Amino acid sequence: MRIIRYPSADAWKSIIERPHLDMSQLNDTVRTVINDVRAGGDDAIRRYEEKFDHVALTDLKVCQQEIDEAENMIDGDLKQAIRQAHENIYRFHSAQSFSGIKVTTAPGVECWQRSVPIEKVGLYIPGGTAPLFSTVLMLATPAKIAGCKNIVLCTPPDKRGKVNPAILFAASVAGVSDIFKIGGVQAIASMAYGTESVPKVSKIFGPGNQYVMAAKQQVSLGDVAIDMPAGPSEVCVIADEGSNVRYVAADLLSQAEHGGDSQVLLITTSEHIADAVNAEIETQLAVLPRKDIATRALANSKCVVMHTLDEAMALSNAYAPEHLILAVDDYMSLAEKVVNAGSVFLGKYACESAGDYASGTNHTLPTHGYATAYSGVNLDSFMRKITFQHLDEQGVLSIGRTVELMAENEQLHAHKNAMTVRLRDVTGRE
């Protein structure tokens with residue numbers, strides 16, 4: 001990683017820049033696939049599955065026999081790990097349940113909210129070089145807790161037309177309704193518009209490559225909701241002189257191996273730590289199976305040496321990382337200063353991998369600086385809050401004149417009249 005020492009404030013903007021992606025040609029390709037699936041349904045999906053995933057499919061839907069076979073293919077220890085992760089995720093997200101209270105805003109006026117699940121949700125699960133069965137748990141578990149009636153999952157098959165068995169097992173544990181062997185842009189389009197086999201959903205969740213992300217953004221312009229805009233995965237680690245060099249290097253590499261377009265950022269108050277972590281990265285990198293991918297990501301990455309932890313925290317907040325690891329002894333005082341981050345990991349033992357798999361928090365998080373405005377996926381992501389209000393006669397008397405005056409001054413006279421006719425009845429005035 002390139003080391004930047006004690007940058008001035010006017011240099012921060014370039015430091016926090018993500019790798020630039022030219023999306024113009026990509027968007028045209030995505031638009032073509034979306035339109036084809038929208039018009040051609042299952043037949044178009046099969047054509048694109050043969051073109052992109054190199055498999056000729058008869059049935060797009062995974063049958064129960066395939067799910068049963070997958071369970072028998074998985075090692076018992078992995079099954080137990082998936083079940084434990086599911087329990088922790090379930091426990092954490094269950095605690096987020098909302099209970100609305102009635103509020104009397106004025107005499108005779110009551111207002112409240114009720115949380116209602118989204119009836120149909122779609123989950124996209126990548127299945128290529130890293131089949132993300134953990135993401136099945138992260139998305140399907142809160143969807144099930146929320147009470148979504150239909151949980152539709154799309155994931156790419158292998159060249160034999162089979163879905164990764166761990167993905168199928170995790171889907172079974174988490175309570176997915178329907179699973180389809182569809183990958184990439186065609187999967188997003190199928191859930192956005194519906195086909196002969198795939199139900200249309202109201203909201204689509206899940207990570208993916210640049211094509212999947214572009215597809216989600218395109219269909220969200222007017223046809224279906226999505227969880228959040230997203231880019232490549234990223235982590236920021238804040239370290240000081242007392243930080244564990246091996247841990248910090250391991251955490252940076254854990255994100256770098258996601259993809260060549262990922263980015264990691266180390267911010268430290270120690271020049272010694274900056275040099276030592278760089279050296280340790282080379283040692284650990286040499287034995288990683290995904291070394292080539294991580295190496296490309298490290299080319300996008302930086303180590304920044306700052307004067308103080310307060311400056312380090314300010315730079316992190318400007319960066320707004322997807323994952324933030326506070327690898328310092330006094331992590332709680334630093335945690336109080338976090339303003340922009342997707343998920344925060346406190347202390348030397350809280351590796352980002354814990355949140356990715358089994359601590360219970362959700363790993364579907366805002367990237368590319370979107371943590372300034374978006375939260376990670378949570379129980380509310382699968383809910384809608386509907387507001388209610390009730391007025392009795394006293395309520396009309398309490399706020400009627402206010403409504404009339406405001407509507408009249410906005411020149412919305414029908415709005416005024418809707419209250420005026422009620423005031424006349426309640427007061428008996430002409």
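Guide: A helix here is a DSSP run of H or I with at least four residues, a strand is an E run of at least two, and both are numbered from the N terminus. The model is predicted, and by that definition the protein holds 16 helices and 14 strands.

Visitor: What makes H9 stand out in the lining of the largest cavity?

Guide: Helix H9 (245–256) and E12 each supply at least two residues of that lining, and the largest share, 3 residues, comes from H9. The lining residues include Tyr247, Val248 and Asp251, along with Ile325, Ala327 and Lys348.

Visitor: Why is this space called a cavity rather than a pocket?

Guide: A cavity is a set of grid points where a 1.4 Å probe fits but cannot get out, whereas a pocket is an open set, so the word cavity says that the probe has no way out. The structure holds 3 cavities of 30 Å³ or more, and about 60 Å³ of space lies in the largest cavity.

Visitor: What makes the lining of the largest cavity mixed in class?

Guide: Its lining has 6 nonpolar, 3 polar and 2 charged residues. Gly counts as polar and Tyr as nonpolar under the classes used, and both Gly347 and Tyr247 are among the lining residues.

Visitor: How do you know that H7 is largely enclosed by the rest of the structure?

Guide: Buried means under 20% relative accessible area, and 10 of the 10 residues of helix H7 (residues 184–193) are buried, so H7 is largely enclosed by the rest of the structure. Among these buried residues are Val185, Ile188, Met191 and Tyr193. The cover over them includes helix H2 (24–53), strand E4 (120–124), strand E5 (150–155), strand E7 (203–205) and helix H8 (210–219). For the protein as a whole, buried residues make up 47% of the 430 residues.

Visitor: Why is Gln411 called exposed?

Guide: The cut-off for exposed is over 50% relative accessible area, and Gln411 is called exposed because its value is 65%. Gln411 sits in the loop between helix H15 (393–409) and helix H16 (413–427), and its phi is positive, about 60°, although Gln411 is not a glycine. His54, in the loop between H2 and helix H3 (64–73), also is a residue other than glycine with a positive phi, near 60°.

Visitor: What makes E1 and E13 the edge strands of the sheet of 6 strands?

Guide: The open sheet has the order E1-E11-E10-E9-E12-E13, with parallel pairing. Strand E1 (2–5) and strand E13 (343–346) are its edges, each pairing on one side only, and the twist averages 15° from one strand to the next.

Visitor: How do you know that E1 and E11 pair?

Guide: Two strands pair if DSSP finds at least two bridges between them, and 4 bridges join E1 to strand E11 (residues 302–305), with the two strands running parallel, so the condition is met. Within this pairing, Ile4 stands opposite Val304 in E11.

Visitor: Which helices pack on this sheet?

Guide: Helix H10 (residues 271–285) packs on the sheet, touching E1, strand E9 (234–239), strand E10 (263–268) and E11, and its direction makes about 175° with that of E1. Helix H12 (residues 309–319) also packs on the sheet, touching E9, E10, E11 and strand E12 (323–327), with a direction that makes about 170° with that of E9. Since angles run from 0 to 180 degrees between N-to-C directions, the values of about 175° and about 170° lie towards the upper end of that range.

Definitions and conventions. Residues numbered from 1 in each chain as written. Predicted model: local features only at pLDDT ≥ 70, side-chain atom pairs only at ≥ 80, totals over all residues. Heavy atoms only, no water. Contact = heavy atoms within 4.5 Å. 1 Å grid on protein atoms, 1.4 Å probe; cavity = no way out; pocket = protein on both sides within 12 Å on 5 of 7 lines; lining within 4 Å. Points joined across faces, edges and corners; volume = space filled by probe spheres on them. Buried < 20%, exposed > 50% of the residue type's maximum accessible area, 1.4 Å probe, protein only.
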